[in-house]
Amino acid sequence: MSAANAQGGASVGKAPAVTHRPRRSKLGWNLLGLLVFVTAGFPVYWMINTAFKPAKDAIDPDPHFFPSTFTLENFQRALDIADFWGPVTRSLVVSIVVVVIGIAVGLLAALAISRFAFRGRKIVIVGILAVQMVPLVAMIIPVFLMLNDLGQYDKLTGLIITYLTFILPFTVWTLRGFIVNIPKELEEAAQVDGCTPTGAFLRVVFPLLAPGMVATSVYGFIQAWNEYLYALMLMSQQNQTATVWLGNFITKNGTEYAPMMAGSTMMAVPIVILFLLVQRKMAAGLTAGAVKG
């Protein structure tokens, strides 16, 4: 009896050590996540902080982490320094059109690569990867000459075509990964039940693919919205986009940091709104896909 009690006491004594180990591991991961969040979020906080500071405080050699005085003068200055709604509207049009075309064409291309066997299939896949590895700056001169010959220089259609050259390969590659992870047996089972190949895709594959399409669309929109190099080189000042518009705050007297941060904050609003609208749909799509799978 005493031996059993001794063994029981030993096991009781060892139990806390076993339970503490997962807690310490969880605490470590939480601290790491907090560190990543602070590192990634601090620039955004500093942008918003500077946007609401008086202009003189933005260039203070002794910066303060919290603004002593809140002001909206920087936003008014940002709207007055140059046309704001024109560049924002052009950026929205370009980004939306690029996403719509990219998803429509990219989905068909990804479906063909994933579900059909044809000659040169591996070459196409390697070509998609190779295109993404080419630096954008290396294609400026060829793109400029091509658009100039086609009469698309300084036009939104030319900028849309240019953006598709690097957003479409990413779209195809990303959607291909989502389609490959969907078992082909689901389509075959639907066809056995009487569905056509198109009906099987629309009723089975498409609902499961919707979260991936949404995520890819958001990334493509952000990439087109934030693109600066091609918009600067291919568009005149009259047709500039929102990212190029921020360059108006760099004058011969110096850089107006506070109005620039205010303009950057206003530019970030459409991205934040888009993410908030899509986040719930992504979660709902993932849940629906899990149930149907």
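The following exercises, each with a worked solution, deal with the predicted model shown above.

Residues are numbered from 1 along each chain as its sequence is written. Because the model is predicted, local features need pLDDT of at least 70 and side-chain atom pairs count only at pLDDT 80 or more, while totals for chains, interfaces and linings use all residues, and side-chain values use heavy atoms, with hydrogens and water left out.

**Exercise 1. The chain as a whole**

Describe the secondary structure, burial and contacts of the chain.

Solution. Begin with the elements, where helices (H or I, at least four residues) and strands (E, at least two) are DSSP runs, numbered from the N terminus. The chain has 12 helices and 2 strands, and along the sequence these follow the pattern α-α-α-α-α-α-α-α-α-α-α-β-β-α.

Next, take burial, for which buried means under 20% relative accessible area, exposed over 50%, and partly exposed in between (1.4 Å probe, protein chains only). Of the 293 residues, 34% count as buried. The chain exposes about 18100 Å², of which carbon and sulfur atoms supply 69%; such areas come from the Shrake-Rupley method with a 1.4 Å probe, and for residues only the protein chains shown count as cover.

Finally, consider contacts, meaning heavy atoms within 4.5 Å. Among those between residues at least 6 apart in sequence, 71% join residues at least 24 apart.

**Exercise 2. The faces of helix H6**

Determine which residues of H6 are buried, which are exposed on the other side, and what covers the buried ones.

Solution. Start with the buried residues of H6, which are Ile140, Val143 and Leu147. Seen down the helix axis, the buried residues of H6 fall within an arc of 70°, so they line one face of the helix; the arc is that of the directions from the helix axis to the C-beta atoms. The general background is that an α-helix has 3.6 residues a turn, so residues three or four places apart point the same way.

Then turn to the other side of H6, where Ile141 and Asp149 are exposed. The cover over the buried residues of H6 includes H7 and helix H10 (229-234).

**Exercise 3. From H6 into the following loop**

Examine the phi values of Gly151 and Asp154, and place Asp154 relative to Gln237.

Solution. Just after H6, Gly151 has a positive phi of about 75°. Asp154, in the loop between helix H6 (140-150) and helix H7 (156-180), has a phi near 60°, which is a positive value in a residue other than glycine. Most residues other than glycine have a negative phi.

The relative accessibility of Asp154 is 22%, so Asp154 counts as partly exposed. Gln237 lies in the loop between H10 and helix H11 (242-245) and, at 57% relative accessibility, counts as exposed. Although Gln237 and Asp154 are 83 residues apart along the chain, their C-alpha atoms are separated by 9.4 Å.

**Exercise 4. Salt bridges**

Find the salt bridges and state which parts of the chain each of them ties together.

Solution. Apply the rule that a salt bridge is a side-chain nitrogen of Lys or Arg within 4 Å of a carboxyl oxygen of Asp or Glu; the count comes to 2.

One of them joins the side chains of Glu256 and Arg77 (2.9 Å, N to O). Glu256 lies in the loop between strand E2 (254-255) and helix H12 (257-292) and Arg77 in helix H3, so the pair ties together parts that are 179 residues apart in sequence. Glu256 is partly exposed at 21%, and Arg77 is partly exposed at 36%.

In the other, the side chains of Arg115 and Glu187 meet (2.6 Å, N to O). Since Arg115 lies in helix H4 (residues 85-115) and Glu187 in helix H8 (residues 184-192), this pair ties together parts that are 72 residues apart in sequence. Arg115 is buried, with a relative accessible area of 14%, and Glu187 is buried at 9%.

**Exercise 5. Thr71 in its loop**

Locate Thr71 and list its surroundings.

Solution. Thr71 is placed in the loop between helix H2 (55-58) and helix H3 (73-81), and its relative accessibility of 14% is why Thr71 counts as buried. The side chain of Thr71 reaches the backbone nitrogen of Glu73 at 3.1 Å. Leaving aside neighbours within four places in sequence, Thr71 is in contact with Ala51, Phe52, Lys53 and Pro54.

Terms used. Polar contact = N/O pair within 3.5 Å; in protein donor to acceptor, adjacent residues only side chain to side chain.
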